[in-house]
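User: Could you take a close look at a single packing contact, and then work outward from it to the strands and the aromatic rings? I would like the reasoning spelled out wherever a label depends on a cut-off.

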Amino acid sequence: KINPVLEKMVIDLLLSKPDNSVAFMKQWLETNGAEFEPKAKGKNKKEEVSSDEEEEEEEEEETVQELQKKTQLQAKGMRVSVSAEAFGAYNKKKAYVPKVIKKTEEQKERIKLRLEQAFMFSALDEKEKAIVIDAMEEVKYKSNSTVIFQGENGDVLYVVDSGELDCYKTFKKGEGPKHLKVYKAGDSFGELALLYNAPRAATVMARTNAVLFSLDRECFNGIVKDAAAKKRDQYDEFLSKVDLLSTMDAYERIKIADALKPIKVNKGEYIVKEGENGDTFYIVVEGEAIATKTIHPGQPPEKVLEYGPGSYFGELALLKDIPRQANIVSLTEMKLVSLDRYSFKRLIGPVEDILKRNFAKYEKFAFK
């Protein structure tokens, strides 16, 4: 069972997506921590609190203190972790048996397109993606109908194929719901209830007629969540060592890791060509490459930079709408990860916000 303090804070954190997650958690604990504190027990009360209730209250108090300590450690750059669900002798993880919902080839192609747009599924390989496509089911909702209700139990997540949907959340009893965002084609929602075995954190209503693809808890836990966890573990430490991204906190790096797309490059291949339009940012995982640039018109391009693991290029495409400033040519077989402009801004806000934290450091790279 997840402690209610942790459960509520994590859900609010993921929904709010603040620029500074550490500051958000500190403020959250200061604002909401008191309601989870054990209530003082008066000597003259007729009813005594049972020993079980006392232990539970003490656990909640310890959890508040523990969370406050974790946010302080994270603020100092120390790594902390939170586990959504533990499996053991009394909560064994069952082997997932894929299910297949019959669908047309046209439906499969539509689902495949939406999975490529939804960052949550970016960690899937082709085999895993095929399993998810088979397990998904097409559902339709009319305008003004409610897809999920805040507070209810949930066992499916949704990917939007067409239409628009509004997300609302009631933060305090007695207050009206607050509009958080609009979901459009390629967006997904409902995963929080599956990730944390928690009630729905918000209400989602169809603004227009909408077509969605639903995915059940078993497939999500058996395929999607495991793949995403492996991908996050694989890239988190690596991303922390990338110069441009080193000022991010762990929460921001997790979001970046979710959206990264792996790319394999052959020796001698042009990854980027000078003068072309581009909107993709690349990070080198393995291999070596060089940048060549036309310095003197009419003369062959000259080598200006070298790239190895941890190096990056293409960042200007995320900042300015200008052509590529150089060629990037692989010297060996390479493994890269890429991030498109849309994913970057969608997940962590405009890239300028990150660069401004570290602008002096970035100036030496500004005109690669």
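Analyst: A definition comes first: axes are lines fitted to C-alpha atoms, for helices over the stretch in contact, and angles run from 0 to 180 degrees between N-to-C directions. The model is a predicted one, and every value below should be read with that in mind.

With that convention, helix α5 (residues 126-135) packs against helix α7 (residues 217-240) at an angle of about 150°, and the two axes are 11 Å apart. The crossing of α5 past α7 is left-handed. On the α5 side the contact is made by Glu128, Ile131, Val132 and Ala135, while α7 contributes Cys219, Ile223, Val224 and Ala227. Sorted by side-chain type, the residues of this contact comprise 7 nonpolar and 1 charged, with no polar residue among them.

Working outward, we come to strand β8 (residues 210-216), which runs antiparallel to strand β3 and is joined to it by 6 bridges. One of these bridges can be located by residue, since Val156 has Asp216 of β8 as its partner. Strand β3 also pairs with strand β6 (residues 188-189), again in the antiparallel sense, over 2 bridges, and here Val159 stands opposite Ser188 of β6. How enclosed is β3 by the rest of the structure? Of the 7 residues in β3 (residues 156-162), 6 are buried, so the strand is largely enclosed by the rest of the structure. An aromatic cluster is also worth following in the viewer, formed by Tyr141, Tyr158, Tyr183 and Phe189.

A separate open sheet is built from 4 strands in the order β10-β15-β12-β13, with antiparallel pairing. Its edge strands are β10 (270-272) and β13 (302-307), each of which pairs on one side only, and the twist from one strand to the next averages 30°. At the β10 edge, pairing with strand β15 (residues 327-330) is antiparallel over 2 bridges, and Tyr270 finds its bridge partner in Val329 of β15.

The structure holds 6 aromatic pairs. Phe281 and Tyr312 form a tilted pair, with ring centres 5.8 Å apart and 50° between the planes. This pair links distant parts of the chain, because Phe281 lies in strand β11 (residues 280-286) and Tyr312 in strand β14 (residues 312-313), 31 residues apart. Buried means under 20% relative accessible area, so Phe281, at 3%, counts as buried, and Tyr312, also at 3%, is buried too. For Tyr282 and Phe313 the ring centres are 5.2 Å apart and the planes meet at 25°; planes under 30 degrees apart count as stacked, so this pair is stacked. Tyr282 belongs to β11 and Phe313 to β14, so this pair likewise ties together parts that are 31 residues apart in sequence. Both Tyr282 and Phe313 are buried.

Taken over the whole chain, there are 12 helices and 16 strands, and buried residues make up 43% of the 368 residues. Among contacts with a separation of 6 or more, residues 24 or more positions apart account for 76%.

Conventions. Residues are numbered from 1 along each chain as its sequence is written. This is a predicted model: local features need pLDDT of at least 70, side-chain atom pairs count only at pLDDT 80 or more; totals for chains, interfaces and linings use all residues. Side-chain values use heavy atoms; hydrogens and water are left out. Buried means under 20% relative accessible area, exposed over 50%, partly exposed in between (1.4 Å probe, protein chains only). Two strands pair if DSSP finds at least two bridges between them. A crossing is left-handed if the near helix is turned anticlockwise from the far one by less than a right angle, and right-handed if clockwise. Contact means heavy atoms within 4.5 Å. Ala, Val, Leu, Ile, Met, Phe, Trp, Tyr, Cys and Pro count as nonpolar, Asp, Glu, Lys and Arg as charged, and the others, Gly among them, as polar. Rings of Phe, Tyr and Trp (its six-membered ring) pair if their centres lie within 6.5 Å; planes under 30 degrees apart count as stacked, over 60 as edge-to-face and the rest as tilted.
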